[in-house]
Amino acid sequence: MTSLPHFPYHRDPESSGSIRSSDAACECCGKAPGLLYDGVVYAEESVQNLCPWCIADGSAADKFDAEFFDAYFCDDDQNEVKMPPEAYREVFSRTIGFPTFNPIGWWVHCNQPAEYVTRNEPYEMVFECRVCHQRHAIDDLD
Ligand SMILES: [Zn+2]
Ligand SMILES: [Zn+2]
């Protein structure tokens, strides 16, 4: 069993339900690594099968102009904050998605996008600051 690539902004894609077993080929790299992304791909064309490695290294984002979230960056009060373009790319196009109601606020702390840790059902997305390690829950209401 190959281990998954590291996603700096999504701690545990397996427990988030973002990974499925499949023998199908990834539409980006053409390989069939046995594990594929299980989630929504926001792209012009319909993309069914992507492997986690092509998401992590940005090749799926480049090839399909894909994003994996319908999200915006927000502060403690869930007000939108603007971030540099690299932050949008790193988080929304190179991070494997997880199931949410949409759109979601992605917590920013210490001027950095936080890491998504887990979900407390039914409505809390738990983030942890990558700088000061404070945790914060963002509501994801349907
Ligand atoms: Zn791939
Ligand atoms: Zn912080």
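**Close-up 1. Cys-129 at the site of the zinc ion (ligand 2).** In this predicted model, Cys-129 is buried, because its relative accessible area of 1% falls under 20%. Cys-132 has a relative accessible area of 35% and is partly exposed. Both residues bind the zinc ion (ligand 2) through SG. The other protein donors are His-109 (ND1) and Cys-110 (SG). The donors lie 2.0 to 2.3 Å from the ion. Angles among the four donor atoms run from 103 to 114°, and the site is tetrahedral. For comparison, the ideal angle for four tetrahedral donors is 109.5 degrees. Along the sequence, the donor residues are spaced H-C-x18-C-x2-C.

**Close-up 2. Four cysteines around the zinc ion (ligand 1).** Cys-26, Cys-29, Cys-51 and Cys-54 coordinate the zinc ion (ligand 1), each through SG, at 2.3 Å. This site is tetrahedral, with angles of 104 to 114° among its four donor atoms. Its donors follow the spacing C-x2-C-x21-C-x2-C along the chain. Cys-29 and Cys-51 link distant parts of the chain, 22 residues apart. Cys-29 sits in the loop between strand 1 (19–21) and strand 2 (35–37). Cys-51 sits in the loop between strand 2 and helix 2 (52–56). Cys-29 is partly exposed, at 33% relative accessible area. Cys-51 is buried, at 2%.

**Close-up 3. A nonpolar patch on the surface.** Phe-101, Tyr-123 and Leu-141 make a nonpolar surface patch of about 270 Å². Tyr-123 belongs to the loop between strand 6 (115–120) and strand 7 (124–128). Its relative accessibility is 32%, so Tyr-123 counts as partly exposed.

Notes: Residues are numbered from 1 along each chain as its sequence is written. Chains are lettered from A and ligands numbered from 1 in the order in which they are written. This is a predicted model: local features need pLDDT of at least 70, side-chain atom pairs count only at pLDDT 80 or more; totals for chains, interfaces and linings use all residues. Side-chain values use heavy atoms; hydrogens and water are left out. Patches are made of residues with over 30% relative accessible area and no salt bridge: like charges are joined within 9 Å, nonpolar side chains (Val, Leu, Ile, Met, Phe, Trp, Tyr) within 5 Å. Accessible areas come from the Shrake-Rupley method with a 1.4 Å probe; for residues, only the protein chains shown count as cover. A salt bridge is a side-chain nitrogen of Lys or Arg within 4 Å of a carboxyl oxygen of Asp or Glu. Helices (H or I, at least four residues) and strands (E, at least two) are DSSP runs, numbered from the N terminus. Buried means under 20% relative accessible area, exposed over 50%, partly exposed in between (1.4 Å probe, protein chains only). Donors are N, O and S atoms within 2.8 Å of the metal (3.2 Å for Na, K and Ca); water is not among the atoms, so sites may look incomplete. Four donors count as tetrahedral if all angles lie between 85 and 135 degrees; four count as square planar and six as octahedral if opposite donors are over 155 degrees apart and all others between 65 and 115; anything else is irregular.
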